[in-house]
Amino acid sequence: MVYDLIIIGGGAAGLFSGASLPKKVNGLILEKSTSLGKKLLMSGSGQCNLTHSGNIKDFLSHYGQQGKAIRSVLYQFNNDALSSFFKEKGISTIVREDGKVFPKSLEAKEVLECLCSCCKENGLSFVLSSKVIDIKKENDYYSVTCEKMTYRAKKIIVATGGCSYPTTGSDGNFFPVLSQLGIKIETLHPALTPVFVENYPYSSLSGISFDSVKLLITTKDGKKIAEHSDSLLFTHRNFSGPVILNTSRFAAPGLFLRIQYLPFMSSEELLSLLKKNFSGNQKQLLTVLQELLPLPKRFLEVICERLSLSSNQKYSQITGSDVKRLTDVLTKDSYRISSLDQYNKAMVTAGGIALSDVNLKTMECKDYPGLYFAGETLDVDGDTGGYNLQFAFSSAYLAAQQI
Ligand SMILES: Cc1cc2nc3c(=O)[nH]c(=O)nc-3n(C[C@H](O)[C@H](O)[C@H](O)COP(=O)(O)OP(=O)(O)OC[C@H]3O[C@@H](n4cnc5c(N)ncnc54)[C@H](O)[C@@H]3O)c2cc1C
């Protein structure tokens, strides 16, 4: 028999395409894992940050260089349309102070169950533990081969995800199958990932975070490659937190990270503040720094240690050059990047199916009529904040409307 539709991959994009079909079909969702939507269940720490509440025009700056290219995808099914979709299905959403949108229940499980039941209503059956290993275009249908079975369908939606968090099933296994069809795959690498640097000094401060720092990525000779302000997290082994994750697509070994811990203050302002409190001050260095600067005490202690300054010496005893060194480290703490963390820590994958091979009004493959793509398998990676799920849902919706 020839099915109307086979969706390959039962993650966020695959399930959303099945859930948003405009008509009932006779079709299948083939999923390699033993269960559906494993990554969706992990999203937003299990609370599922579905999208962002910002103006859809502002979304474009959150996908690196691909933002403009995917305008038609995001505009045809935007964040408001997404919230309306879920509302219609009985899931109301809430917007957090930072603009992130979640289901009101704060339960990713609710979103997954809703999508699964919509897929069933739309005539789709789930076939779990079914890894697709080949697709072939026959005359007027596609044959889709799993390890034990071959199915046929008039139309196919490929939603096999990227390579990040491979234990969820998204391990990049499908890219070679697509390459064999002649579909171009842009180089894959981990994105939204912590960054390792040489001589990382903050292992003992693991868990300390800063609400807002300014981060620059530069070349060795100081040429700016990226700049971003957001919160920073020290982990045991590397720098993390939104400011790092969202700029990691620009980071590469050999480039430099430069952190300004007090982004509201220029280095001149900081220098003059530190100097003003300098002469005759009998308080301890650490006490003065804590009084003047909104920075964690343990962090200031480590900074003093790094500069070989005793944190309990009298402030009046430190020299002008010590004050200058303190200013420099707090306003331009620089590190050579040694590596990015791997796929098991990267929240998304950069690279994937080249957008040049896809009609971005319909998500159809330019060389294979009836073959559509959705989600992270495409060469699109967004910032944290709901941008990746929104792209997965928008692209899935567009593909579904063509069935
Ligand atoms: C920890 C974590 C938290 C996140 N939180 C958020 C968040 O809150 N908001 C946000 O916007 N984004 C978040 N993301 C990113 C977001 O979850 C992904 O971008 C999104 O899930 C991508 O959806 P997808 O359907 O394209 O891919 P996936 O969800 O990865 O689904 C792909 C599916 O295809 C299946 N598959 C793969 N190969 C085959 C094959 N050969 N045959 C059959 N099936 C196959 C896989 O098993 C998988 O089930 C998070 C990511 C992680 C890792």
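What covers the buried residues of α10? I started my notebook with that item. The model is predicted, and I kept that in mind throughout.

**Entry 1: helix α10**

I looked up α10, which runs over residues 285–292. I found three names on its buried list: Leu285, Val288 and Leu289. I then looked down the helix axis. The buried residues of α10 fall within an arc of 100 degrees, so they line one face of the helix. Back to my opening item: the cover over these buried residues includes α11, residues 297–306.

**Entry 2: the chain as a whole**

I stepped back to the full chain. I noted 13 helices and 20 strands. The chain has 403 residues, and 44% of them count as buried. I took the extent of the C-alpha trace along its principal axes: about 90 × 40 × 35 Å. I also checked how far apart in sequence the contacts reach. Taking contacts between residues at least 6 apart in sequence, I read that 73% join residues at least 24 apart.

**Entry 3: domains**

I went to the domain assignment next. It gives domain 1 as 3–190 + 344–401, and domain 2 as 195–340. Domain 1 is thus written as two segments. I looked up the separation of the centres, taken over C-alpha atoms: 40 Å. Domain 1 puts 7 residues into the contact, and domain 2 puts in 5. I sorted the domain 1 side by class. The side that touches domain 2 has 3 nonpolar, 2 polar and 2 charged residues.

**Entry 4: around the ligand**

Which residues come nearest to the ligand? I found 41 residues around it, and the nearest are Gly9, Gly11, Gly161, Gly169 and Gly375. I then asked which elements supply two or more residues to this shell. My list reads α1 (12–19), α2 (38–42) and α13 (387–401). By class, I logged 16 nonpolar, 19 polar and 6 charged residues in the shell.

**Entry 5: the sheet of β3, β5 and β4**

I traced an open sheet of 3 strands. Its order is β3-β5-β4, and the pairing is antiparallel. I marked β3 (51–52) and β4 (93–95) as the edge strands, since each pairs on one side only. I followed β4 to β5, residues 100–103, and found an antiparallel pair over 3 bridges. I picked out one bridge there: Thr93 has Pro103 in β5 as its partner.

**Entry 6: β12, β13 and β14**

I moved on to β12, residues 209–218, and β13, residues 224–234. These two strands run antiparallel and are joined by 8 bridges. One bridge I checked puts Ile217 opposite Ala226 of β13. Where does a positive phi turn up in the hairpin of β12 and β13? I found it at Gly222, near 90 degrees. That hairpin has 5 residues between its strands.

I continued from β13 to β14, residues 239–240. The two run antiparallel, with 2 bridges between them. I noted that Phe234 has Phe239 in β14 as its bridge partner. β13 and β14 also form a hairpin, with 4 residues between them. So β13 went into my notes twice. I have it paired with β12 and with β14.

**Entry 7: a general reminder**

I added one textbook line beside the strand entries. Strands of a sheet pair through backbone hydrogen bonds, in parallel or antiparallel fashion.

Notes
Residues are numbered from 1 along each chain as its sequence is written. This is a predicted model: local features need pLDDT of at least 70, side-chain atom pairs count only at pLDDT 80 or more; totals for chains, interfaces and linings use all residues. Two strands pair if DSSP finds at least two bridges between them. A residue is near a molecule or strand if its C-beta atom, placed from the backbone, lies within 6 Å of it. Ala, Val, Leu, Ile, Met, Phe, Trp, Tyr, Cys and Pro count as nonpolar, Asp, Glu, Lys and Arg as charged, and the others, Gly among them, as polar. Domain bounds come from an automatic or database domain assignment. Two residues are in contact if their C-beta atoms, placed from the backbone, lie within 7 Å. A residue is buried if 20 or more other C-beta atoms lie within 10 Å of its own, exposed if 12 or fewer, and partly exposed in between; C-beta atoms are placed from the backbone. The arc is that of the directions from the helix axis to the C-beta atoms.
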